[in-house]
Amino acid sequence: FRRIESRKAGDEEVQNALYNLMRMMNAHFGKQVILLMDEYDVPLAKANENGFYGEMLNIIKGLMNKTLKTNPFLKFAVITGCLRIAKESIFTGTNNFVSDTISGARFNEYFGFTEKEVFDALDEQGLSDEKEKVKLWYDGFTFGKSKDIYNPWSIINFLDEKNYKT
């Protein structure tokens, strides 16, 4: 960790970093690790913009391979990103890989709050009269053919602000 922190780690040390962290978590907690990785593709996009995509691609491939393939400490992983995933790219050889997009319908209700959940929260907080305003201001995401999905951060902040003022 100190070598990574001081930017003295070699490629292999960086590629093994998540695996080693998961090994330590497993040893400490006695359970397999659930890995949540948001925006995995940002380092690749930045590397592409700055002329070192090939080097970053090799690092990310190694990191993903070591972390996701035959890792006894991994229960499962959820990885998000904006770039289209090609199974034959950095995820080559991962086990039981499933790619879903926001245009699919399989996990739509898990991308945010449904209108019913938002309205129930407003009712519970005594803010039923705010439903139309919330719908107008914060109802902005449609995933696949689903009902509209509300951004959790926006809704939580709205509720917090309203409760703070009362």
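In this predicted model, helix 5 passes helix 6 in a right-handed crossing. Helix 5 covers residues 115-124, and helix 6 covers residues 131-138. Their axes come within 10 Å and cross at roughly 140 degrees. That angle makes helix 5 oblique to helix 6. Roughly antiparallel would require an angle over 145 degrees. On the helix 5 side, the contact is made by Glu115, Val118, Phe119, Leu122 and Asp123. Helix 6 contributes Lys131, Val134 and Lys135. By class, the contact of helix 5 with helix 6 has 4 nonpolar and 4 charged residues, and no polar ones.

Helix 4 takes part in two further packings. Helix 3 (residues 42-49) packs against helix 4 at an angle of about 160 degrees. The axes of helix 3 and helix 4 lie 8 Å apart. Helix 3 and helix 4 are therefore roughly antiparallel to each other. Their crossing is right-handed. Pro43, Leu44, Ala47 and Asn48 of helix 3 meet Tyr53, Met56, Leu57 and Ile60 of helix 4. The residues of this contact divide into 7 nonpolar and 1 polar, with no charged residue.

The second packing joins helix 2 (residues 11-29) to helix 4 (residues 53-68). The angle between helix 2 and helix 4 is about 30 degrees, and their axes are 8 Å apart. Helix 2 is therefore roughly parallel to helix 4. The crossing of helix 2 and helix 4 is right-handed. From helix 2, the contact draws on Asp11, Val14, Gln15, Asn16, Leu18, Tyr19 and Met22. These residues meet Asn58, Ile59, Gly62, Leu63, Lys66 and Thr67 in helix 4. The contact of helix 2 with helix 4 comprises 6 nonpolar, 5 polar and 2 charged residues.

Helix 2 and helix 4 also border a pocket. Both helices give two or more residues to the lining of the second largest pocket. About 250 Å³ of space lies in this pocket. Its lining consists of Ile4, Arg7, Ala9, Gly10, Asp11, Val14, Ala17, Leu18, Met56, Ile59, Ile60 and Leu63. By class, the lining has 9 nonpolar, 1 polar and 2 charged residues.

Several lining residues also appear in the helix contacts. Asp11, Val14 and Leu18 of helix 2 line the pocket and take part in the contact with helix 4. Ile59 and Leu63 of helix 4 likewise belong to the lining and meet helix 2. Met56 and Ile60 are also lining residues, and both meet helix 3.

Technical notes:
Residues are numbered from 1 along each chain as its sequence is written. This is a predicted model: local features need pLDDT of at least 70, side-chain atom pairs count only at pLDDT 80 or more; totals for chains, interfaces and linings use all residues. Side-chain values use heavy atoms; hydrogens and water are left out. Axes are lines fitted to C-alpha atoms, for helices over the stretch in contact, and angles run from 0 to 180 degrees between N-to-C directions. Helices (H or I, at least four residues) and strands (E, at least two) are DSSP runs, numbered from the N terminus. Angles under 35 degrees count as roughly parallel, over 145 as roughly antiparallel, 65 to 115 as roughly perpendicular and the rest as oblique. A crossing is left-handed if the near helix is turned anticlockwise from the far one by less than a right angle, and right-handed if clockwise. Contact means heavy atoms within 4.5 Å. Ala, Val, Leu, Ile, Met, Phe, Trp, Tyr, Cys and Pro count as nonpolar, Asp, Glu, Lys and Arg as charged, and the others, Gly among them, as polar. On a 1 Å grid over the protein atoms alone, a cavity is a set of points where a 1.4 Å probe fits but cannot get out, and a pocket is an open set with protein on both sides within 12 Å along at least five of seven lines; lining residues have an atom within 4 Å of a point. Grid points are joined across faces, edges and corners, and a volume is the space filled by probe spheres set on the points.
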